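Okay, thanks for coming, everyone. Let me put the structure up, and then we'll walk through a few parts of it together.

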Amino acid sequence: MSRSARILPTSPFRSLDEYRNAGGGKGLDAARAVEPSVIIDELAASGLRGRGGAGFPTGVKWRTVADYASEFLVTAVVVNAAEGEPGTFKDRAIMRANPYAVLEGALIAAKVVGAAAVTLATKARFGEDLVRIREAIAEVIAAGWADGVEITIVDGPVEYLYGEETALLEVLDGRPPFPRIAPPFRRGMVEVVRDDSDVVAESGLSADVDMAGPSADNVAPPALVDNVETLANVPGIIAKGAAWFRQIGTERSPGSIVCTVTGDVQRADVGEMAMGTPLREVIATIGGGPAADQEILGVQLGVSNGMLPVALLDTPITYEAMAAAGSGLGSASFIVIGNRTSPVALAAGASHFLAIESCGQCTPCKQDGLEIAGILKAMCAGDARSTDLDELKKRIGTVAYGARCNLASQQATVVGALLEQFPEEFAARIEPDLRPLEPMMIAELMRLEDGTATLDDEFAEKRFDWSYGPDEATQFPVDRLADHRAHLVIEEPPEQ
């Protein structure tokens with residue numbers, strides 16, 4: 001297999017005209033000529049799965065949102081461009097090279113669910129990408145593609161949890177990125193209630209809500225939230241059909257996927273590959289293979305899944321194959337770990353990242369996460385106690401108790417997988433008089449250029465209350481962020 005170029009062109013589209021000359025816009029034209037159910041059926045037949053990490057079937061998601069439409073208020077369409085998974089740069093690569101496909105996919109979604117607005121939720125720190133997407137939005141509006149649909153950009157916070165779907169909706173409604181319990185298809189960007197006189201009004205939807213479901217009092221408009229890469233795939237499917245989309249990939253994981261390869265490789269880069277390509281080939285094609293004088297120890301898939309050991313390097317990049325291998329495809333963020341890196345140092349870096357980024361709504365997630373990170377830090381420093389290995393295993397077993405989002409499970413999965421794969425390495429770090437190890441730096445990718453990946457160096461100063469500086473934190477983020485609307489910048493949409 002080789003690189004694909006379905007949504008990530010070999011040369012960036014510099015204008016909407018270039019995109020149209022390459023066939024862009026035909027999906028939106030086709031969508032506006034048929035009923036929404038036809039579009040949903042085509043997406044379902046294509047087998048497209050969400051490229052944000054979970055791999056949920058897109059057709060099922062769109063049908064569910066359409067079925068839960070409110071009779072009082074219109075559905076919202078949200079583009080999740082809040083990329084922050086360590087080792088991932090694919091959404092920003094797509095927005096730079098092909099923002100028009102993302103916007104076309106979002107406008108098709110708006111047609112399907114009857115939305116009057118599209119919100120692109122990104123991060124204020126993505127300066128270059130914001131400039132490019134603003135230019136593309138202006139072109140799309142000028143071309144008449146967005147007639148009747150308002151397109152708004154929200155520049156959100158830096159936090160990792162901002163990329164979690166329900167936390168993202170909290171930010172759009174002016175609150176911090178704290179995951180909520182209610183599924184977003186039932187309660188969208190705002191909660192709307194009906195009083196005794198049948199008047200519809202908005203009310204604040206806090207993260208601490210009961211599980212939502214159909215009821216006479218819940219008339220909230222649903223929200224269709226999809227990842228950048230997911231939406232970029234939609235125009236081609238609607239223009240060319242489900243059978244075309246399935247020409248590459250596998251039965252359960254059809255199409256292509258945009259991968260980010262970083263770590264101990266010849267070059268860090270982003271590339272689009274056919275689903276089903278062996279991971280070894282992905283690393284060779286995009287990353288040039290392992291770094292000089294190094295052998296691959298394994299591949300860490302962001303901080304969402306367990307490390308894939310070198311013995312399983314020929315695993316195909318599909319959702320089903322990665323799951324069968326004991327890991328997961330996630331957002332196709334492949335951090336190649338060379339044999340000079342200690343698994344304990346990797347575990348310490350990943351655990352620290354997740355412990356810092358935990359919001360503190362679920363006490364075990366934050367407290368146990370900090371304990372796990374602390375034990376691993378002590379192991380790296382050579383200061384671990386004889387009981388720390390047992391304590392580490394205990395905390396891994398309790399960290400996800402009662403958790404409302406996946407972050408706590410990620411802590412247990414990533415550290416637990418490394419502990420299972422390299423038990424001797426961990427056991428050896430509780431011995432006295434050890435040479436200190438430097439925990440591996442795990443943080444968001446800030447830049448990816450000329451084969452070099454640059455991490456967020458400010459993360460080293462981030463405290464567990466989400467503030468920055470040398471002082472000790474004393475609160476969890478959920479307790480500290482009282483004045484949280486400072487996180488949010490909503491840009492006025494261009495005139496339409």
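Let's start with a quick one: which residues in helix 8 are buried? Before I answer, keep in mind that this is a predicted model. Right, so the buried ones in helix 8 are T166, A167, L168, L169, E170, V171 and L172. That's 7 of the 8 residues in the helix, which runs from 165 to 172, so helix 8 is largely enclosed by the rest of the structure. And what's doing the covering? Strands, among other things: the list includes strand 1 (76-80), strand 2 (117-123), strand 3 (150-156) and strand 6 (223-227). Just after the helix you get G174, and its phi is positive, near 90 degrees.

Now over to helix 16, residues 407-421. It has 15 residues and spans 21 Å from its first C-alpha to its last, close to the 21 Å you'd expect at 1.5 Å a residue. Here 11 of the 15 residues are buried, so this helix is also largely enclosed by the rest of the structure. Those buried residues are L407, A408, Q410, Q411, A412, V414, V415, G416, A417, L418 and L419. The cover over them includes strand 9 (296-301), helix 13 (343-357), helix 14 (363-381), helix 15 (388-398) and helix 17 (423-428).

Let me pick out one of those, Q410, which sits in helix 16. Q410 has a relative accessible area of 10%, so it counts as buried. Who does Q410 touch, if you skip residues up to four places away in sequence? Y160, V303, S304 and L354.

Next, a helix pair. Helix 6 (residues 99-113) and helix 9 (residues 228-240) have axes that come within 7 Å and cross at roughly 75 degrees. Because of that angle, helix 6 counts as roughly perpendicular to helix 9. On the helix 6 side, the contact uses A101, V102, E104, G105, A106, I108 and A109. Helix 9 brings V228, L231, A232, V234, P235 and I238. Sort the residues of that contact by type and you get 11 nonpolar, 1 polar and 1 charged.

Okay, cysteines, since somebody always asks. How many disulfides turn up in a search of the whole structure? The count is 0. Take C405: why no bond there? Its sulfur is 6.2 Å from the closest cysteine sulfur, the one in C365, and that's too far for a bond. C405 is buried, at 16% relative accessible area. C380 is buried as well, with a relative accessibility of 1%.

Last stop, the stretch around strand 11. S331 is in the loop between helix 12 (319-324) and strand 11. Is S331 buried or exposed? Buried, at 10% relative accessible area. Leaving out neighbours within four places in sequence, S331 contacts R51, G52, G53, E85, T88, K90 and V258. With V258, the C-alphas are 8.4 Å apart, while the sequence separation is 73 residues.

Then comes F334, inside strand 11 itself, which covers 333-338. F334 is buried, with a relative accessible area of 0%. T88 comes up again here: F334 and T88 are 246 residues apart in sequence, but 7.9 Å apart in space, C-alpha to C-alpha. So T88 is worth finding on the screen, given that S331 contacts it.

Methods: Residues are numbered from 1 along each chain as its sequence is written. This is a predicted model: local features need pLDDT of at least 70, side-chain atom pairs count only at pLDDT 80 or more; totals for chains, interfaces and linings use all residues. Side-chain values use heavy atoms; hydrogens and water are left out. Helices (H or I, at least four residues) and strands (E, at least two) are DSSP runs, numbered from the N terminus. Buried means under 20% relative accessible area, exposed over 50%, partly exposed in between (1.4 Å probe, protein chains only). Axes are lines fitted to C-alpha atoms, for helices over the stretch in contact, and angles run from 0 to 180 degrees between N-to-C directions. Angles under 35 degrees count as roughly parallel, over 145 as roughly antiparallel, 65 to 115 as roughly perpendicular and the rest as oblique. Contact means heavy atoms within 4.5 Å. Ala, Val, Leu, Ile, Met, Phe, Trp, Tyr, Cys and Pro count as nonpolar, Asp, Glu, Lys and Arg as charged, and the others, Gly among them, as polar. The expected span of a helix is 1.5 Å times one less than its number of residues. A disulfide is a pair of cysteine sulfur atoms within 2.5 Å.
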